[in-house]
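Open the model in your viewer with the cartoon and the surface both at hand, and follow the stops below in order.

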Amino acid sequence: LEYKVLRDKTNLILDLPEYFALVLKYEDFIQLNKESVDDEDIIKIAKLISDFHKGNWLEIENEKETSLEKVLEKNVYRLADRKEYPKISKLHSKFLKNIRKLDEEYEKTLVLIHGDFGLRNIMRKDDNLVLIDFERVKYASYFLDFIKYFYQDLDNDKLKKDLFLKHYYEHSKEKVLSKELEYCLIFISALGILNYTKRVEDIEFEELGLKMLEDVGNYF
């Protein structure tokens, strides 16, 4: 969305009617960090992202990819030049064995996701938490919003993940994902990170993608 706005230079001009003004209000937000987040915050965060997913407040044209098989194919083949490709291809073939069932389940999980969900994009305002930074909003599986949050912000801690998911599912009324689809989405997230780090050098982020890839391999 940000890219589309910036490409069209006319969108950078605020053409306000005469006698109208745009007023920006300062908000005194406090940024969350891993060290300060407690169980109560994790529950609030689960409800916060659930409300965002349930809202479906924005319609994005030409951004809907409802086929898991096509999502996998697109993400796998753009990594053909990486040294990890043989491992990636092998894992891809394992998911393809059950792709019809996974595709059917995946389609039921599609919502408008934040796309860059994590503590750095959650702010505290008084007793409330608010989301910021919506440039990567897209139509995809709700679980894709959780993966980097789990790995980066919760350190993949099982108790914290379980607490988050318990309250997310209770609040959202979504059906609990199968483990196979969960790991398939982790696989997709790993591929996205590995593709990004082909273009942008970020060793720590690349290691995160490789850790996700390793976890998917361990699942099988």
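Begin inside this predicted model, at the largest cavity, which encloses about 50 Å³ of space. Only one cavity of 30 Å³ or more is present in the structure. To outline this space, select Lys-34, Val-37, Ile-42, Leu-119, Asp-153, Leu-154 and Lys-160, the residues that line the largest cavity. Colouring the lining by class will show four nonpolar and three charged residues, with no polar ones.

Next, select residues 68-77, which form helix α3, and show the side chains of its buried residues, namely Leu-68, Val-71, Leu-72, Asn-75 and Val-76. Turn the view until you look down the axis of α3: the buried residues fall within an arc of 120°, and they therefore line one face of the helix. On the other side of α3, pick out Lys-70 and Lys-74, which are both exposed.

With α3 still displayed, which helices do its buried residues pack against? Add residues 85-96, 99-107 and 179-199 to the selection, since these are α4, α5 and α8, the partners against which the buried residues of α3 pack.

Finally, return to the whole chain and colour it by secondary structure, which brings out nine helices and five strands; traced from the N terminus, the elements follow the order α-β-α-α-α-α-β-β-β-β-α-α-α-α. Of the 220 residues in the chain, 41% are buried. Among contacts with a separation of 6 or more, 76% join residues that lie 24 or more positions apart. With the surface switched on, the accessible area of the chain comes to about 13800 Å², and carbon and sulfur atoms contribute 50% of that surface.

Definitions and conventions
Residues are numbered from 1 along each chain as its sequence is written. This is a predicted model: local features need pLDDT of at least 70, side-chain atom pairs count only at pLDDT 80 or more; totals for chains, interfaces and linings use all residues. Side-chain values use heavy atoms; hydrogens and water are left out. Buried means under 20% relative accessible area, exposed over 50%, partly exposed in between (1.4 Å probe, protein chains only). Helices (H or I, at least four residues) and strands (E, at least two) are DSSP runs, numbered from the N terminus. The arc is that of the directions from the helix axis to the C-beta atoms. Contact means heavy atoms within 4.5 Å. Accessible areas come from the Shrake-Rupley method with a 1.4 Å probe; for residues, only the protein chains shown count as cover. On a 1 Å grid over the protein atoms alone, a cavity is a set of points where a 1.4 Å probe fits but cannot get out, and a pocket is an open set with protein on both sides within 12 Å along at least five of seven lines; lining residues have an atom within 4 Å of a point. Grid points are joined across faces, edges and corners, and a volume is the space filled by probe spheres set on the points. Ala, Val, Leu, Ile, Met, Phe, Trp, Tyr, Cys and Pro count as nonpolar, Asp, Glu, Lys and Arg as charged, and the others, Gly among them, as polar.
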